[in-house]
Amino acid sequence: MKNFVVKTIANAGALAVAVWLLDKITLTGDSTGKQIGTLIIVALLFGLVNFLVKPLVKLLSLPLLILTLGLFTLVVNALMLLLTSWLADTLDLSFHVEGFWTAVLGGLIISVVSWALHVVLPDGD
């Protein structure tokens with residue numbers, strides 16, 4: 001359970017950095033508390049998408065992953081971020097990613113920040 005909470009906090013922090021750095025990834029809300037709540041819900045949604053959908057997409061795109069020596073992972077990460085944005089819009093959450101290239105850059109930022117936070121945060125089971 002502690003590991004789940006740490007991963008969710010790391011995802012929320014990484015999403016917050018992407019929102020802060022990129023103008024086309026937006027998180028709106030009336031107050032800071034509402035924005036933090038939305039960010040945590042989106043982080044849970046992003047974790048769920050990465051847990052359920054990403055392995056299937058990586059399996060189906062395995063030839064492209066091998067052909068590009070793993071660089072196609074950036075495209076897969078961008079697609080997961082766009083799917084999360086679409087689900088957030090469907091659930092009426094105030095999180096939106098505008099465009100594929102923004103999603104590619106956002107996915108790269110989220111990957112780097114999430115990795116750094118996983119190094120710093122405790123990883124207890």
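**Helix crossings, one ring pair and three buried residues**

Modeller: In this predicted model, helix H1 (residues 2-21) and helix H6 cross at roughly 140 degrees, and their axes come within 8 Å. Residues are numbered from 1 along each chain as its sequence is written. Local features need pLDDT of at least 70 and side-chain atom pairs 80 or more, while totals for chains, interfaces and linings use all residues; side-chain values use heavy atoms, without hydrogens and water.

Biologist: What makes H1 and H6 oblique to each other?

Modeller: Their angle is roughly 140 degrees. Under 35 degrees counts as roughly parallel, over 145 as roughly antiparallel, 65 to 115 as roughly perpendicular, and the rest as oblique. H1 and H6 are therefore oblique. Angles run from 0 to 180 degrees between N-to-C directions, and axes are lines fitted to C-alpha atoms, for helices over the stretch in contact. A helix here is a DSSP run (H or I, at least four residues), numbered from the N terminus.

Biologist: Is the crossing of H1 and H6 left-handed or right-handed?

Modeller: The crossing is right-handed (the near helix is turned clockwise from the far one by less than a right angle; anticlockwise would be left-handed). On the H1 side, the contact (heavy atoms within 4.5 Å) is made by Lys7, Ala10, Asn11, Gly13, Ala14, Leu15, Val17, Ala18 and Leu21. From H6 come Gly106, Ile109, Ile110, Val113, Ser114, Leu117 and His118. By class, the residues of this contact are ten nonpolar, five polar and one charged (Ala, Val, Leu, Ile, Met, Phe, Trp, Tyr, Cys and Pro are nonpolar, Asp, Glu, Lys and Arg charged, the others, Gly among them, polar).

Biologist: Why does Ser114 count as buried?

Modeller: Ser114 has a relative accessible area of 10%. Buried means under 20%, exposed over 50%, and partly exposed lies in between (1.4 Å probe, protein chains only). The value for Ser114 is therefore that of a buried residue. Ser114 sits in H6 (residues 100-120) and touches Asn11 and Ala14, not counting residues up to four places away in sequence.

Biologist: What makes H2 and H5 oblique to each other?

Modeller: H2 (residues 32-52) and H5 (residues 72-90) pack at about 130 degrees, with axes 9 Å apart. H2 and H5 are therefore oblique, and their crossing is right-handed. Val42, Leu45, Phe46, Val49 and Asn50 in H2 meet Met80, Leu81, Leu83, Thr84, Leu87 and Ala88 in H5. That contact has nine nonpolar, two polar and no charged residues.

Biologist: How do you know that Ser85 is buried?

Modeller: The relative accessible area of Ser85 is 3%, so this residue of H5 is buried. Ser85 is in contact with Phe95, His96 and Val97, leaving aside neighbours within four places in sequence. Leu65, found in helix H4 (residues 62-67), is also buried, at 12%. Leu65 touches Lys58, Gly70, Phe72 and Thr73, again not counting residues up to four places away.

Biologist: How many aromatic pairs does a search of the whole structure find?

Modeller: The search finds one. The ring centres of Phe100 and Trp101 lie 5.2 Å apart and their planes stand at 75 degrees, so the pair is edge-to-face. Rings of Phe, Tyr and Trp (its six-membered ring) pair with centres within 6.5 Å, and planes under 30 degrees apart are stacked, over 60 edge-to-face, the rest tilted.

Biologist: Why is Phe100 called partly exposed?

Modeller: Phe100 has a relative accessible area of 31%, so Phe100 is partly exposed. Trp101, at 66%, counts as exposed.

Notes. Helices (H or I, at least four residues) and strands (E, at least two) are DSSP runs, numbered from the N terminus.
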